[in-house]
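Please open the structure in your viewer and keep the sequence panel beside it. We will walk through it one selection at a time.

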Amino acid sequence: CSAVELAPIVPTALNFGAYMFVSSNPRYQIVNGLEQSLLPRIPGELAQTAASTATRVYNNYLGGVTWIWWARWMGLQSSD
């Protein structure tokens, strides 16, 4: 049985904080702005809810992908 190498805690935490500042907060602000400006133009509450859900799911997916890119770029995760 081989041992699993864990990520270093302090560099990972610092990088995650920087990532949240650079990527996550701006993405959230963009989603919020889109919802406030575009959702009222969509007819029907169900359609608005579906559009909001789709936007937030995509934002969540994009956040996961960009965190992996960030971690690899910073050398925290290998690309294997």
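The stops below go from the whole chain to single side chains and back out again. Please keep in mind that this is a predicted model.

**Stop 1: the whole chain**

Begin with everything shown as a cartoon. You should find two helices and zero strands. Turn on the C-alpha atoms and look along the principal axes: they fill a box of roughly 55 × 30 × 15 Å. The radius of gyration is 17 Å, whereas a compact globule of 80 residues would have one near 12 Å.

Now colour by accessibility, if your viewer allows it. Buried residues make up 20% of the 80 residues in the chain. Contacts are worth a look too: taking those with a separation of 6 or more, 61% are between residues 24 or more positions apart.

**Stop 2: helix α1**

Select residues 9–38, which form helix α1. This helix has 30 residues and runs 41 Å from its first C-alpha to its last, close to the 44 Å expected at 1.5 Å a residue. Where should you look for its kink? Centre the view on Met20, where α1 has a kink of about 40 degrees.

Next, show side chains for the buried residues of α1: Asn15, Tyr19, Ser23, Ser24, Arg27, Val31 and Glu35. What covers these buried residues includes α2, residues 45–73.

**Stop 3: Asn15**

Stay in α1 and zoom in on Asn15. Is Asn15 buried or exposed? With a relative accessible area of 14%, Asn15 falls under the 20% cut-off and therefore counts as buried.

Which residues does Asn15 touch, leaving aside those up to four places away in sequence? Select Trp67, Trp70, Met74 and Leu76, and you have them. Trp70 deserves a second click, as its side chain makes a polar contact of 3.3 Å with the side chain of Asn15. The side chain of Asn15 also reaches the backbone oxygen of Pro11, at 2.9 Å.

For a sense of scale, draw a C-alpha to C-alpha distance from Asn15 to Ala47. These two are 32 residues apart in sequence and 38 Å apart in space.

**Stop 4: helix α2**

Now select residues 45–73 for α2. At 1.5 Å a residue, its 29 residues should span 42 Å, and the end C-alpha atoms, 41 Å apart, agree with that.

Display its buried residues as sticks: Ser52, Asn59, Gly63, Val65, Thr66, Trp70 and Ala71. Trp70 is the partner you met in the polar contact with Asn15. Bring α1 back into view as well, since what covers the buried residues of α2 includes α1.

**Stop 5: Thr66**

Pick Thr66, which lies in helix α2. Its relative accessibility is 15%, so Thr66 counts as buried under the 20% cut-off.

What does Thr66 touch beyond residues up to four places away in sequence? Select Tyr19, Ser23 and Arg27, each of which is among the buried residues of α1. With Tyr19 there is also a polar contact of 2.8 Å, side chain to side chain. Add Ser24 to the selection: the C-alpha atoms of Thr66 and Ser24 are separated by 9.3 Å, although the two residues are 42 residues apart along the chain.

**Stop 6: the salt bridge**

How many salt bridges does a search of the whole structure find? It finds one. To see the pair, select Glu35 and Arg56, whose side chains meet at 2.7 Å, N to O. The pair links distant parts of the chain, with Glu35 in helix α1 and Arg56 in helix α2, 21 residues apart. Side chains of opposite charge can pair when their charged atoms come close.

Compare the surroundings of the two partners. Glu35 is buried, at a relative accessible area of 13%, whereas Arg56 counts as partly exposed, at 37%.

**Stop 7: beyond α2**

Finish at the residues that come after the second helix. Gly75 follows α2, and its phi is positive, near 80 degrees. Then click on Ser78, in the segment after α2. Ser78 is partly exposed, with a relative accessible area of 46%. For one last distance, connect the C-alpha atoms of Ser78 and Ile68: they lie 9.7 Å apart in space, with these positions 10 residues apart in sequence numbering.

Note on methods. Residues are numbered from 1 along each chain as its sequence is written. This is a predicted model: local features need pLDDT of at least 70, side-chain atom pairs count only at pLDDT 80 or more; totals for chains, interfaces and linings use all residues. Side-chain values use heavy atoms; hydrogens and water are left out. Helices (H or I, at least four residues) and strands (E, at least two) are DSSP runs, numbered from the N terminus. Buried means under 20% relative accessible area, exposed over 50%, partly exposed in between (1.4 Å probe, protein chains only). Contact means heavy atoms within 4.5 Å. A polar contact is a pair of N or O atoms within 3.5 Å; within protein, one must be able to donate a hydrogen and the other to accept it, and residues adjacent in sequence count only if both atoms are side-chain atoms. The expected span of a helix is 1.5 Å times one less than its number of residues. The bend at a residue is the angle between axes fitted to the seven residues ending there and the seven starting there. A salt bridge is a side-chain nitrogen of Lys or Arg within 4 Å of a carboxyl oxygen of Asp or Glu. The radius of gyration is taken over C-alpha atoms; the globule rule is 2.2 Å times the number of residues to the power 0.38.
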